[in-house]
Amino acid sequence: MRAIVITHNGNANVMKVEERPDPVVGQGEVLIRAKAAGLNFADILARQGLYPDTTAKPCVMGYETSGVIESVGNGVDQSWIGKPVIAMTRFGGQAELITVPAKQVFEKPENLSFEQGAAIPVNYLTAWALLVAIGGLKKDEAVLIHNAGGGVGLAALDIARHIGAKTFGTASASKHEFLIQRGLDHPIDYRNQDWLPVLMDLTKGRGVELAIDPLGGKNWKKTYRALRATGRMGVFGMSVASASGIAGKLRALKAIAQMPRFNPLRLMNSNKGVFGLHLGHMWREAEKVRGWTEEIMRGVAESWIRPYVDRAFPFDQIADAHRYIEERKNIGKIVLVP
Ligand SMILES: NC(=O)c1ccc[n+]([C@@H]2O[C@H](COP(=O)([O-])OP(=O)(O)OC[C@H]3O[C@@H](n4cnc5c(N)ncnc54)[C@H](OP(=O)(O)O)[C@@H]3O)[C@@H](O)[C@H]2O)c1
């Protein structure tokens, strides 16, 4: 089978498509023939050598796939064979064939293409955890979604709109028109102006009840200042560090040096909360994550979950796919097709 391999740390040219032995399905597992695999920011950071969770290189990344079940292992119902599915994969997802535990597999809804299917797990589970499971967003609350035009950003927008929250989102100006069409109430161009005073103006000086921030570094300080009393801030990434080579390492060190240190007494006195999310560290809470997935699938059936695929790149164009994300060209999800 063909698989996308990060050969070593470096720029997009270190990506290769290689022949690998077909995986053998084990007890409690299914074998999936992929039709589409998700590409995530974590894959870019892994290639840059900035993602600590990666296995040793060379490695095949990929947290999600959508395809058809080819065979099942002992203990798995034979009726799964031939079914179109969506699956969460702990790496190895960017390959033609993948084995995964059956409990990480969901039947693909008929109204979604395989490409849309591969756009669901990481983006929507992350957004669900941030907004609903931990963030506790409620109707009429104000939510700030940073990088609203990215995969997680669009997913968060779908969920926030369904809840009935007022939505504020930072994004490159070129993405604003699309975001307004998707239902974002207030896009903010954070690349050409200081976004905090703009947000404070828009909220009449009050700020927001929930803010989700994947930028990291000193941006976390500002995002915290954007919270009103009862406000919660969810931190879940460090996009500001993204760069290949030594530049990435230096940016990561700078971001760590500039991030805020929270004092519990100050949190208490200002009635604010701070939480973190790392979906990749939720594997031991499989039942919880399954429950979130069921809610998301209900949203698909009810049409308020709308996975948006910007582009599908063939496996052979993996370097172009990485560059497309690094150059901030994507709106929503990028998927890879064998
Ligand atoms: N903790 C978790 O469990 C978890 C799960 C999923 C994702 N994440 C994190 O969430 C963030 C967004 O992920 P995503 O999948 O939504 O990514 P994405 O679809 O690739 O979107 C990322 C967007 O972020 C903006 N951006 C900001 N800094 C950037 C940079 N240095 N390089 C490129 N783009 C940059 C760009 O939007 P503009 O053009 O508007 O600036 C870009 O379109 C990443 O930091 C990722 O690591 C964390």
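These notebook entries record what I looked up in the structure. The model is a predicted one.

**Entry 1: aromatic pairs**

I began with the aromatic rings. A pair of aromatic rings is described by the distance of the centres and the angle of the planes. My search of the whole structure returned five aromatic pairs. One of them is formed by tyrosine 224 and phenylalanine 262, whose ring centres are 5.1 Å apart. I noted that their planes stand at 55 degrees, so I recorded the pair as tilted. The planes would have to be under 30 degrees apart to count as stacked and over 60 to count as edge-to-face.

I then asked where the two partners lie. Tyrosine 224 belongs to helix α7 (residues 219-225), while phenylalanine 262 is in the loop between α8 (245-258) and α9 (264-270). The pair links distant parts of the chain, 38 residues apart. Tyrosine 224 has a relative accessibility of 15% and is therefore buried, since buried means under 20%. Phenylalanine 262, at 33%, is partly exposed.

**Entry 2: charges over rings**

Which charged end sits over the ring of tyrosine 224? I found that of lysine 272, at 4.4 Å from the ring centre. Tyrosine 224 thus appears in two of my entries, as a ring partner of phenylalanine 262 and beneath the charged end of lysine 272. I recorded a second arrangement of this kind, in which the charged end of lysine 108 sits over the ring of phenylalanine 114, 4.8 Å from its centre.

**Entry 3: salt bridges**

I turned next to charged side chains. Side chains of opposite charge can pair when their charged atoms come close. I counted 15 salt bridges in the structure and examined several of them.

The side chains of arginine 47 and glutamate 326 form one, with a distance of 3.0 Å from N to O. Arginine 47 is in helix α1 (residues 41-48) and glutamate 326 in helix α11 (residues 318-326), so this bridge ties together parts that are 279 residues apart in sequence. Are the two partners buried or exposed? Arginine 47 is buried, at 0% relative accessibility, whereas glutamate 326 is partly exposed, at 30%.

Glutamate 64 and lysine 333 form another salt bridge, their closest N and O atoms being 2.7 Å apart. Here the partners lie in strands: glutamate 64 in β4 (residues 64-72) and lysine 333 in β15 (residues 333-337), so the pair ties together parts 269 residues apart in sequence. I noted that both glutamate 64 and lysine 333 are buried.

Arginine 182 and aspartate 158 meet at 3.6 Å, N to O. Arginine 182 is in helix α5 (residues 176-182) and aspartate 158 in helix α4, so the bridge connects parts that are 24 residues apart in sequence. Arginine 182 is buried, with a relative accessible area of 10%, and aspartate 158 is buried as well, at 2%. I also recorded a network in which salt bridges that share partners join Arg2, Glu96 and Asp316.

**Entry 4: two buried residues**

I looked up glycine 149 in the loop between β8 (142-145) and α4 (151-163). Glycine 149 is buried, at 2% relative accessible area. Its contacts, leaving aside neighbours within four places in sequence, include Ala171, Leu179 and Ile331. The C-alpha atoms of glycine 149 and glycine 169 are separated by 8.3 Å, and the two residues are 20 residues apart along the chain.

Asparagine 219 is in helix α7 and is buried, at 12%. Which residues does asparagine 219 contact, leaving aside its neighbours within four places in sequence? I listed His146, Trp195 and Asp213.

**Entry 5: a nonpolar surface patch**

On the surface, I found a nonpolar patch of about 340 Å² made by Ile246, Leu250 and Leu253. Leucine 250 is located in helix α8. Its relative accessibility of 52% counts as exposed.

**Entry 6: backbone details**

Finally, I checked the backbone. Lysine 57 and proline 58 are joined by a cis peptide bond, with omega about 5 degrees. Proline 58 is in the loop between α1 and β4.

Asparagine 271 has a positive phi of about 55 degrees although it is not a glycine. Asparagine 271 lies in the loop between α9 and β13 (273-276) and is partly exposed, at 48%. Serine 303, also not a glycine, has a positive phi of about 70 degrees; I located serine 303 in the loop between α10 (286-301) and β14 (309-314).

Notes. Residues numbered from 1 in each chain as written. Predicted model: local features only at pLDDT ≥ 70, side-chain atom pairs only at ≥ 80, totals over all residues. Heavy atoms only, no water. Phe/Tyr/Trp six-rings, centres within 6.5 Å; stacked < 30°, edge-to-face > 60°. Helix = DSSP H or I, 4+ residues; strand = E, 2+ residues; numbered from the N terminus. Buried < 20%, exposed > 50% of the residue type's maximum accessible area, 1.4 Å probe, protein only. Lys NZ or Arg CZ within 6 Å of the ring centre and 35° of its normal. Patch = residues over 30% accessible without salt bridge, like charges linked within 9 Å, V, L, I, M, F, W, Y side chains within 5 Å. Areas by Shrake-Rupley, 256 points an atom, 1.4 Å probe, with all protein chains shown as cover. Salt bridge = Lys/Arg side-chain N within 4 Å of Asp/Glu carboxyl O. Contact = heavy atoms within 4.5 Å.
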